[in-house]
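User: Hey, I've got a structure to look at for class and I'm not sure where to start. Could you walk me through it?

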Amino acid sequence: MSEKKEPSLWEGFKAFLMRGNVVDLAVAVVIGAAFTNIVNAVVKGIINPVVGAIGTKNLDHYSSCLSSTCEGEQGIQILWGSVLGAALSFVITAAVVYFLMVLPMAKYLARLEARRKAKEGAQEVIEVTELEVLKEIRDALVAQRGSGHDRQ
């Protein structure tokens, strides 16, 4: 009986690091971090001032009091403004990502796919035309042979 040796912890770790998807994941994290800076700059520099022109840029101060008095640290406060601000920030960030990255990329990929299909369609037309020409040549040769047999 041969006993199979379990790979060592170090060998398993090396195998994990050498997988292609680990490198892809690392690249995605770095690109995601860089892209986060771009999205945050767009939100802070363009979107928030536009929203601030309508209302306020900082919703953190809005709250409701559940107890009879809410002065300082006293009472029970519901800080709904900060929750609303976080939700708005998420929606605005998602909109920026969708309209500036996802939608243009989807349109670009659709154009590439349409071009690829058009090239495949043209290739099929060429192949069909060549096939038709070859069939005509075959039929002409068969007709010549048939008429040659009649003369003899």
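Analyst: Sure, let's go through it bit by bit, starting with the overall layout. Keep in mind that this is a predicted model.

User: Okay, how many helices and strands are there in the chain?
Analyst: The chain has three helices and two strands. If you follow the sequence from start to end, the order is α-α-β-β-α.

User: And how much of the chain counts as buried?
Analyst: Of its 152 residues, 5% count as buried. As for the surface, the chain exposes about 13,200 Å², and carbon and sulfur atoms supply 65% of that.

User: What about contacts between residues far apart in the sequence?
Analyst: If you take the contacts with a separation of 6 or more, 35% of them are between residues 24 or more positions apart.

User: Switching topic: which residues does UniProt list as "transmembrane region"?
Analyst: The UniProt entry, which is unreviewed, lists residues 21-43 and 78-106 under that name.

User: What do those two stretches look like in the model?
Analyst: Residues 21-43 are 100% helix and 0% strand, and their end C-alpha atoms are 31 Å apart. Residues 78-106 are 93% helix and 3% strand, with 41 Å between the end C-alpha atoms.

User: Which residues make up the largest nonpolar core?
Analyst: That core has five residues: Val39, Val42, Val43, Ile92 and Val96. Helices α2 (20-54) and α3 each supply at least two residues of this core. The largest share comes from α2, with three residues.

User: Can you zoom in on one of them? What is Val43 in contact with?
Analyst: If you leave aside the neighbours within four places in sequence, Val43 is in contact with Asn48, Pro49, Ile92, Thr93 and Val96. Two names there, Ile92 and Val96, also belong to the core.

User: Now the outside. Which residues form the nonpolar patch on the surface?
Analyst: The patch is formed by Tyr62, Leu66, Ile76, Ile78, Trp80, Leu84 and Leu88. Together they have about 660 Å² of accessible area.

User: Which helix gives the most to that patch?
Analyst: Helix α3, residues 80-151, gives the most, with three residues.

User: I noticed Trp80 in your list. Where does it lie, and why does it count as partly exposed?
Analyst: Trp80 lies in helix α3. Its relative accessibility is 38%, and partly exposed covers the range between the 20% limit for buried and the 50% limit for exposed, so Trp80 counts as partly exposed.

User: Cool. How many salt bridges does a search of the whole structure find?
Analyst: The search finds three. One is between Asp139 and Arg138, whose side chains meet at 3.2 Å, N to O.

User: Are those two buried or exposed, or in between?
Analyst: Both are in between: Asp139 is partly exposed at 43% relative accessible area, and Arg138 is partly exposed at 47%. Elsewhere, salt bridges that share partners join Glu113, Arg116 and Glu120 into one network.

User: How does that network fit together?
Analyst: Arg116 is the shared partner. Glu113 forms a salt bridge with Arg116, with the closest N and O atoms 2.3 Å apart. Glu120 forms one with Arg116 too, and there the closest N and O atoms are 2.4 Å apart.

User: Where do Glu113 and Arg116 lie?
Analyst: Both lie in helix α3, three residues apart, which is about one turn of the helix.

User: And why are Glu120 and Arg116 separated by about one helical turn?
Analyst: Because they are four residues apart in helix α3.

User: Last one: how accessible are the three residues of the network?
Analyst: Each counts as partly exposed: Glu113 has a relative accessible area of 31%, Arg116 has a relative accessibility of 37%, and Glu120 has 39%.

How values were computed:
Residues numbered from 1 in each chain as written. Predicted model: local features only at pLDDT ≥ 70, side-chain atom pairs only at ≥ 80, totals over all residues. Heavy atoms only, no water. UniProt positions renumbered as here; feature names shortened; annotations may be inferred. Patch = residues over 30% accessible without salt bridge, like charges linked within 9 Å, V, L, I, M, F, W, Y side chains within 5 Å. Areas by Shrake-Rupley, 256 points an atom, 1.4 Å probe, with all protein chains shown as cover. Salt bridge = Lys/Arg side-chain N within 4 Å of Asp/Glu carboxyl O. Buried < 20%, exposed > 50% of the residue type's maximum accessible area, 1.4 Å probe, protein only. Core = buried A, V, L, I, M, F, W, Y, C linked by side-chain atoms within 4.5 Å. Contact = heavy atoms within 4.5 Å.
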